[in-house]
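Here are a few notes to help you find your way around this model. Have a look at the structure first, then read on.

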Amino acid sequence: MSAQVELVRSEARLMTREPMATFWVIAFPTALLGVFALIPTFRDRVPELGGQTVLDLYVPINVTLALGFLGLFIIPGALATYRERGVLRRLATTPVGPARVVLAQLAVAAVVGVVGVSLLLAVAWGLLGTVVPVDVLPFAAALLLGLLAMLSVGVLVGALSGTAKAATIAGNVLFFPMMFLAGLYVPVAVLGETMQRIGELTPLGASALVMQRAAVGDPVGTLPFVAMALWTLVPLAVAVRRFRWE
Amino acid sequence: MIRSTGRVPSVGDMPVIDVQHLTKRYGERTVVDDVSFTVEEGEVLGLLGHNGAGKTTTVECVAGLRSPDAGTVRVLGVDPVARRDVARLGIGVQLQQSTLPDRMRVEEALRLFASFYPCPVPVADLLESLGLAEHRAKPYRVLSGGLKQRLSFALALVGAPRIAVLDELTTGLDPQARRDVWQQVRDVVRGRGVAVLLVTHFMEEAERLCDRAAILSAGRVVALDTPAGLVERAAGEQSLRFSPSAPLDPAVLRALPEVTSVTETAGTVHVAGRGELVHAVMSVLAREGVVARGLRIEQTTLDDAYLALTGGAQDDRADDRHDDREGVRS
């Protein structure tokens, strides 16, 4: 137990010394929302959006942006670097084994994600006056499941990438379509019915969609939750079986 | 039932490491082939060989990182793969090509690894005895090669193991740093009564540190003896070179029982042989009234023994391929 605590503390310390890693999850999504808030039309209420502003829509999207950076870059990069540098192999020769350091990295990554999202929501709701969710429970559930799904996806990408370079490439390849389907580049409504359906099945698309619906009290449906649950369980199960320790 | 961790069974007179007929294959290629050796309590055993001779794979089997394809490995009396819990408490490993996170500091690394073991060596003591105290706050990234190896060595010792496995501890270090590390191995390891399995391709390192050494070539143990024993076994071959002050009939030298060969090139005579070669040759020269100018006596070193036992240059070529393979694997 104390070894696990020490590993988490150690990973947390190392994370605070990696300013770029924390920047993309903690600072960037909030900063980007701040930039969007400067665009006057983003603050107009749009009847087609159920009276929401474009900025309101971007709050959940930027939440998923933070989760995307976390699951597609931070976690795979950290795991692949440890593998590449022989840290996992070295730990395999100690009584605690290498799996504990992976757990420690996930724990720290989860905290970084929660800090990033909390900052974003605090700024959005407190400073920018975006819509506060009507249905808090589904909103929180979508956020939590989105986080878990991206931790799981992150472990899988990190489990299978032999090197840090491979992890970065894999992260990039997955990042753009996933963020696209979450509506970062154009509103999901513009994408058409088929793309919306597909987006609903991706972890970030499902998470953003449920948060957007819950914000205005629309019915959220069950399919996105099923999708996020599967994105949490399946990648994790595959990662556990296929993890490359060296 | 699994015994409570933290207790290592007493091994009494048993060797702390017992490897018998170990064989390990990667695909079609046999990298370790019927290797047997033991390491006794408090002993330093060297594993010598070219890159690709099977040293690292052998060590990985001892450390429980790989399962043998055939043969048995016992560490402190247990199978290091099946009983990781027991073996890993008693064995401290320094791995080749294993690094730490760039931003982790020396003391943090030691404290972290100390937390993995039930009865670690006090971190302050290790920092002091390995000369790391003044570097304790430095991040891993800025450490010199010598300091990185010293830290790696310290991490292998922090769990107070009964066995330390040191894989290429001094590779890549400059001669001074290498000597410093050797001194530390002698002081710390022998001071703590730890048995050591030392992988190296430096003969000098083996001569200075090892009680016994096994020479591996193409996955097989070709010799296992004390460093002095290996030198003797390899040859007893000595040779003399000199320029005779007057013409000398090689047949006179060839007639000596100690001499195995005499060659002459550009006025330099080269005599090879065994036993009391120098004395025999000098007596003949004195009798013939010939002075040996620029006399040089060459004795077999562990280097020569190593080359003789591993088949020298031929192996080098074969091992270049192994190098590539190992690079890919690790």
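1. A good place to begin is strand β3 of chain B, residues 44-48, which runs parallel to strand β7 of chain B, residues 195-200, and is joined to β7(B) by five bridges. Within this pair, B:Val44 lies opposite B:Val196 of β7(B). Please keep in mind that this is a predicted model.

2. Where do these two strands sit in the sheet? The sheet is open, has six strands and mixed pairing, and follows the order β5-β6-β7-β3-β8-β9 in chain B. At its edges are β5 (91-94) and β9 (220-225) of chain B; each has a single partner strand, so one side of each has no neighbour in the sheet. From one strand to the next, the twist averages 15°.

3. A helix also packs on this sheet: α11 of chain B, residues 302-310, touches β3, β8 (212-217) and β9 of chain B. The direction of α11(B) makes about 40° with that of β8(B).

4. Turning to chain A, at what angle do helices α3 and α9 pack? Helix α3(A), residues 54-84, and helix α9(A), residues 203-216, pack at about 150°, and their axes are 9 Å apart. Because angles over 145 degrees count as roughly antiparallel, α3(A) is roughly antiparallel to α9(A). Their crossing is right-handed.

5. Which residues meet there? From α3(A) come A:Asp56, A:Leu57, A:Pro60, A:Ile61, A:Val63, A:Thr64, A:Leu67 and A:Gly68, and from α9(A) come A:Leu204, A:Ser207, A:Ala208, A:Met211, A:Gln212 and A:Ala215. The residues of this contact between α3(A) and α9(A) comprise nine nonpolar, four polar and one charged.

Methods:
Residues are numbered from 1 along each chain as its sequence is written. Chains are lettered from A and ligands numbered from 1 in the order in which they are written. This is a predicted model: local features need pLDDT of at least 70, side-chain atom pairs count only at pLDDT 80 or more; totals for chains, interfaces and linings use all residues. Two strands pair if DSSP finds at least two bridges between them. Helices (H or I, at least four residues) and strands (E, at least two) are DSSP runs, numbered from the N terminus. Axes are lines fitted to C-alpha atoms, for helices over the stretch in contact, and angles run from 0 to 180 degrees between N-to-C directions. Two residues are in contact if their C-beta atoms, placed from the backbone, lie within 7 Å. Angles under 35 degrees count as roughly parallel, over 145 as roughly antiparallel, 65 to 115 as roughly perpendicular and the rest as oblique. A crossing is left-handed if the near helix is turned anticlockwise from the far one by less than a right angle, and right-handed if clockwise. Ala, Val, Leu, Ile, Met, Phe, Trp, Tyr, Cys and Pro count as nonpolar, Asp, Glu, Lys and Arg as charged, and the others, Gly among them, as polar.
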